[in-house]
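Subject: Handing over the structure

Hi,

Here is the structure I promised to pass on to you. Please have a look at it first, and then read on for my notes.

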Amino acid sequence: MKRIGLVYDEMVQREYCDRMILEAIRNKRKTPYIEYVRENYKDYGAKLQQTLINGWKPSPIREKTINEGTGRKKRELEIPTLPDHFVHTAVAKILEKYLPKRFYFYACGSLPNRGQTFAVEAVEGHVRKRKPKHCALADVKKCYKSIKKRTVMRCLRRVFKDEKFLKLNEQILDQMGDGLAIGFTVSHWYAHLVLSFIDIPLKEAFPDVFFVRYMDNFVMLCNRKRTLHKALKFLSGKLAEFDLRLKEDWQVFPIRCRMIEFLSYRIDHCKTILRKALMYRMSSRFRKAKTAMNVHTARTVMSYIGVLKHCDSHNFKESYLYPNVSIKVCRRLISDADKERALFRAAKPLRDSIKWAESVCGVSA
């Protein structure tokens, strides 16, 4: 495919900058500062446009440690300032516009319409329809921290030829430091871009192997175990070209003897069920919800119900969900909380006018 140019001119358009301000704060917590930015997004859009035209200088980032997921895995987040986040969002939207068409179809994770459900259904559909005998599971070792700046820039130059846009990406990579930063809007696009130059050669070299990649996790399905071993060796070699390597705990096993553990589920030829750790966590939360129900618990329960919809969970629901939790009550709690929040926001102009009257006119409400 041809390389893409003139994307920087698209970024510095005023309408594009205004949209990026709203996009950057779309999922932010509704703090007074974020509400102020939303009300004055055109002024911030003008500042973003001037920043891109005159040259952007990155600010220092903030670090934070979190415990992620059921396994409580420690993650080191690197959080940029809000003005830097606006610039990152503008770059990420350009990458979102041009990169997905170059990706492998079953490359999933943090991509539009290619999330966890899409990946699980792809594996589940192939297992049920084609009945492959063997599966291989592999993972890239410390993927984000192992991807170097020179590797990302080499891949970006194979897609884009706009020097101003490439220089802006180079500044973002310098701001990240060593490897890709977990917490930057553009990090997952850089990771997918690098791994896309591994997916396509792997598929071309082994057309009999069906594989799904969720970020840095590979699930390969084939009837021949020897072919899967060759595919893993080929994958390891291609990763080495980009200064990456596989984890040592890769596995090849027959599906009839053991279920495929992928994301939140376990899959075989006839059923899809929850992974044990998540199942225990759900059952514990459902039992606690019977005696202590609040808005936070109701939201958690409804989220878990969404996970249960995509697997064979009838017996689990009958044993743990329905005896302990009323779905109707959960929905009512969430609805009432959302209505109360909407009324509170609607009353903000009235509260501001009362404060102004008290401070300026000396009138007490």
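Let me begin with the aromatic rings: Y104, F105, Y106, F118, F210, F211 and F218 are linked into a cluster by ring pairs. Before you go further, please keep in mind that this is a predicted model.

Aromatic pairs

The count of aromatic pairs in the model comes to 15. One of them joins Y98 and F160, whose ring centres are 6.3 Å apart with the planes at 85°, so this pair is edge-to-face. Y98 belongs to helix α5 (residues 82–98), while F160 sits in the loop between α8 (149–157) and α9 (163–176), so the pair ties together parts that are 62 residues apart in sequence. Y98 is buried, with a relative accessible area of 15%, and F160 is buried too, with a value of 0%. Another pair is F211 with F218: here the centres are 6.3 Å apart and the planes stand at 35°, so the pair is tilted. Both F211 and F218 are buried.

Two rings also have a charged residue over the face. K47 lies over Y44, at 5.0 Å from the ring centre, and R258 lies over F253, at 4.1 Å from the ring centre.

The five-stranded sheet

F210 and F211, which you met in the cluster, are also part of strand β5 (residues 210–214). How enclosed is this strand? Five of its five residues are buried, so β5 is largely enclosed by the rest of the structure. The side chains of F210, V212 and Y214 point one way from β5, and those of F211 and R213 point the other way. That fits a general pattern: in a regular strand the side chains alternate between the two faces of the sheet.

β5 has a partner in strand β3 (residues 107–108), joined to it by two bridges and running parallel. In that pairing A107 stands opposite R213. β5 also pairs with strand β6 (residues 217–222), this time in the antiparallel sense and over five bridges. Across from R213 in β6 is F218, and across from Y214 is N217. β5 and β6 form a hairpin with two residues between them, and M215 in the turn has a positive phi of about 55°.

These strands belong to an open sheet of five, in the order β3-β5-β6-β4-β7, with mixed pairing. The edge strands are β3 and β7 (251–254), each of which pairs on one side only.

Which helices lie across this sheet? Helix α6 (residues 116–130) lies across β3, β5 and β6, running at about 165° to β5. Helix α11 (residues 225–241) lies across β4 (134–139), β6 and β7, and runs at about 150° to β6.

The three-stranded sheet

There is also an open sheet of three strands, in the order β8-β9-β10, with antiparallel pairing. β8 (260–262) and β10 (272–274) stand at its edges with a single partner strand each, so one side of each is left without a neighbour in the sheet. On average, neighbouring strands here are turned by 30° against each other, direction ignored. Three bridges join β8 to strand β9 (residues 265–267), and the two run antiparallel; I260 stands opposite I267 in β9.

Helix α6 appears here as well: it lies across β8, β9 and β10, at about 15° to β9.

The core and one buried glutamate

The largest nonpolar core has 115 residues, and those touching the most other members are M11, F160, Y190, M220, I260 and F262. Leaving aside neighbours within four places in sequence, Y190 is in contact with V91, L95, V152, L156, N169, I172, L173, M176 and L180.

Finally, have a look at E78, which is found in strand β2 (residues 73–79). Is E78 buried or exposed? Its relative accessibility is 11%, so E78 counts as buried, the cut-off being under 20%. Not counting residues up to four places away in sequence, E78 touches I61, R62, E63, K145, M176, A181, I182, G183 and F184. R29 is 49 residues from E78 in sequence and 18 Å away in space, C-alpha to C-alpha.

Enjoy looking around, and write back with any questions.

Best wishes

Note on methods
Residues are numbered from 1 along each chain as its sequence is written. This is a predicted model: local features need pLDDT of at least 70, side-chain atom pairs count only at pLDDT 80 or more; totals for chains, interfaces and linings use all residues. Side-chain values use heavy atoms; hydrogens and water are left out. Buried means under 20% relative accessible area, exposed over 50%, partly exposed in between (1.4 Å probe, protein chains only). Helices (H or I, at least four residues) and strands (E, at least two) are DSSP runs, numbered from the N terminus. Two strands pair if DSSP finds at least two bridges between them. Contact means heavy atoms within 4.5 Å. Axes are lines fitted to C-alpha atoms, for helices over the stretch in contact, and angles run from 0 to 180 degrees between N-to-C directions. A nonpolar core is a set of buried Ala, Val, Leu, Ile, Met, Phe, Trp, Tyr and Cys residues joined through side-chain atoms within 4.5 Å. Rings of Phe, Tyr and Trp (its six-membered ring) pair if their centres lie within 6.5 Å; planes under 30 degrees apart count as stacked, over 60 as edge-to-face and the rest as tilted. A charge sits over a ring if NZ of Lys or CZ of Arg is within 6 Å of the ring centre and within 35 degrees of the ring normal.
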